[in-house]
Amino acid sequence: MAQSAGSAASAAQYVSVPALLARNAKSFGAQAAYREKELGIWQSWSWAESAKEIEALALGLLTLGVSPGDHIAVIGRNRPYLYWSIVAAQSVGAVPVPLYQDAVGEEVAYVLDHCAARFIIAGDQEQVDKILDIQDRLEGLEHIVYLDQRGMRKYDHSRLTPFDKVQEAGRASGLEAELAERTAALDYDSTCVMLYTSGTTGRPKGVVLSNRNIIETSKNSAEFDRLKAGDEVLAYLPMAWVGDFIFSIGQAYWTGFCVNCPESAETVMHDLREIGPTYYFAPPRVFETQLTSVMIRMEDAGRFKRWIFQKFMDRAKTVGPKLLDRKPVGLMDRLMYRLGEFFVYGPLKNTLGLSRVRVGYTAGEAIGPEIFDFYRSLGINLKQLYGQTEASVFITQQKDDEVRPDTVGTPTPGVEIKIDDNGEVFYRSPGVFVEYFKNAESTAGTKDDEGWVATGDAGFLESDTGHLRIIDRAKDVGKMASGALFAPKYVENKLKFFPNILEAVVLGNGRDNCVAFINIDLTAVGNWAERNNIAYGGYQELSQHPQVRDTIREHVEEVNKSVAQDEMLNGCQIHRFLVLHKELDADDGELTRTRKVRRRIIEEKYDDLITALYDGSETVSTETEVTYEDGRKGSIKATLTLMDAATVPVQVKTLEAAE
């Protein structure tokens, strides 16, 4: 069998995702295309079966009156049925618009109104209720198709239809000729999908991506890592995120590999272990959470087990990455590593569900070097990529023998990169988006007439290796009052290596020194409290415990020592900090749905805390508005203790001196 469905012919022969589906149904008819765990049992659909399910749904959409160019919103957790919905929408000439399933009503309303969605395919009652609550604001909405029928029996079905009923109507419609005509009308420049940005700096923008963008990018990136039809992926990230789309639709349909959907968000780690993916992607936060879980378990282990773990992990840090990069390793080191594989690395990788990973990636945010090196030391081929929604994900990737924690690799095949005079990264590639929907001004401000796209990130290309190094978001990089470089993400990533720290926000642009907000990890710190018989009533009480603050201070001071060693960034040491009384939350607007910090909003919302950190106050009382899970608003009051942290005296290098 061929290595992948795409290896036998060029991408240009298949000008749409439905065309790739038809090819896969013919080439890999009996091979698994989708799996889903339901009620504890893995269900499986072959490529041939998936093609029939998608055809039935596409015909059903025609019976509902879907026209070419209509926008069809898709919202729910990762399920084969919803991936089929995306391809069915494409098949009838409509434009699928995946939404974040955890988005609140206001966010959903904005997207649905902005794209004027006529039809919505929803996963369950929760998503239907969310839409019904805002339907008065959606003038163009005509019909909702829903998948899970639990709790829906007594609803008004004048504009609601179950998923399977739409398929039944499609099979009996006799509209096969019209469907074939619409699918045949698709070309390389037809819109494949519209994905909304995370809205880090404002309202989300609708990014229009064509078949050319998705298929060419999928082809180039899949061939880069030699992905093949026998690979397995776990689809657990938000369907509205471009990464999930390129992995679970673009690359999956180009190569013909299998997409596995977990039973629920709560069972992801368990399902990950059962599937054992060979191709795996996770944002840094997932790797951080997994590492935190490992460290908590080791703290609870006996003294001998802790000694064994530490002994072999110390060996792995130096030997593991060398073995992955096929560099020379001494016989004794090789033997000790093999012994460690038996006692520690193998069981640990199995527990994490990463035993079979052949290609692993992380992106979305910079990952802490210590976290990155930990996974590679286990023999997991974890690499970094750099991408954006506007690029159909891939801008750079790391080659197997050129993996480093401080770069994001070299340009993906077909991608060009340049750095402007201000240090901002620009790229040009077949994956460059068509436009921002209904936003010609932003399109022109992001993409020039020659196809170069401004990333908004500051970085530079290494002259000797061609690797791209990202410093931070261009808008976040600044100067300290001394003229020293201010790049907060660099320090934040070092802080988040500690299992006790979930999130950190470093502030200091234009100031004499840096301060920080810290979010503790409730799981890790709660485990510590339990082992030490410390009672607490919730996150707020635990976060303000004196011993917790002292532990965080130790972490901050350790990071300061590390930052002090960087000639360019040693001015970013943290002089004062506080432990926040609440977790930063996307529902409160403090994070995006992809968990990126919205710095401007945090600076405005917590202005009183920032002022207190800089004016020398020892404590500060504050009241913060919060959003509960059901959408209600409330507020919490707290008195926070402000902490000083020791710094390391250094010779600060200014930006002018560096230049």
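**Figure 1. The centres of domain 1 and domain 2 lie 40 Å apart in this predicted model, with the distance taken over C-alpha atoms.** The domain assignment of the chain gives domain 1 as two stretches, 13-206 and 221-260, while domain 2 is given as the single stretch 478-658. Where the two domains are in contact, domain 1 supplies eleven residues and domain 2 supplies nine residues.

**Figure 2. About 780 Å² of area is buried between domain 1 and domain 2.** The size of an interface is often expressed as the accessible area that is lost when the parts come together. Of the area buried between these two domains, 47% comes from carbon and sulfur atoms. On the side of domain 1 that touches domain 2, the residues divide into four nonpolar, five polar and two charged.

**Figure 3. Zero salt bridges are found across the interface of domain 1 and domain 2.** The count of residue pairs in polar contact between domain 1 and domain 2 is also zero, when both residues of a pair must be at pLDDT 80 or more.

**Figure 4. The largest cavity of the structure holds about 110 Å³ of space.** Rolling a probe the size of a water molecule over the atoms shows where empty space is left. The structure has three cavities of 30 Å³ or more. The residues that line the largest cavity are V233, L234, A235, Y236 and L237, together with D244, F247 and S248, and then Y279, Y280 and F281.

Definitions and conventions. Residues are numbered from 1 along each chain as its sequence is written. This is a predicted model: local features need pLDDT of at least 70, side-chain atom pairs count only at pLDDT 80 or more; totals for chains, interfaces and linings use all residues. Side-chain values use heavy atoms; hydrogens and water are left out. Domain bounds come from an automatic or database domain assignment. Contact means heavy atoms within 4.5 Å. Buried area is the accessible area (1.4 Å probe) that two parts lose on being put together, summed over both. A salt bridge is a side-chain nitrogen of Lys or Arg within 4 Å of a carboxyl oxygen of Asp or Glu. A polar contact is a pair of N or O atoms within 3.5 Å; within protein, one must be able to donate a hydrogen and the other to accept it, and residues adjacent in sequence count only if both atoms are side-chain atoms. Ala, Val, Leu, Ile, Met, Phe, Trp, Tyr, Cys and Pro count as nonpolar, Asp, Glu, Lys and Arg as charged, and the others, Gly among them, as polar. On a 1 Å grid over the protein atoms alone, a cavity is a set of points where a 1.4 Å probe fits but cannot get out, and a pocket is an open set with protein on both sides within 12 Å along at least five of seven lines; lining residues have an atom within 4 Å of a point. Grid points are joined across faces, edges and corners, and a volume is the space filled by probe spheres set on the points.
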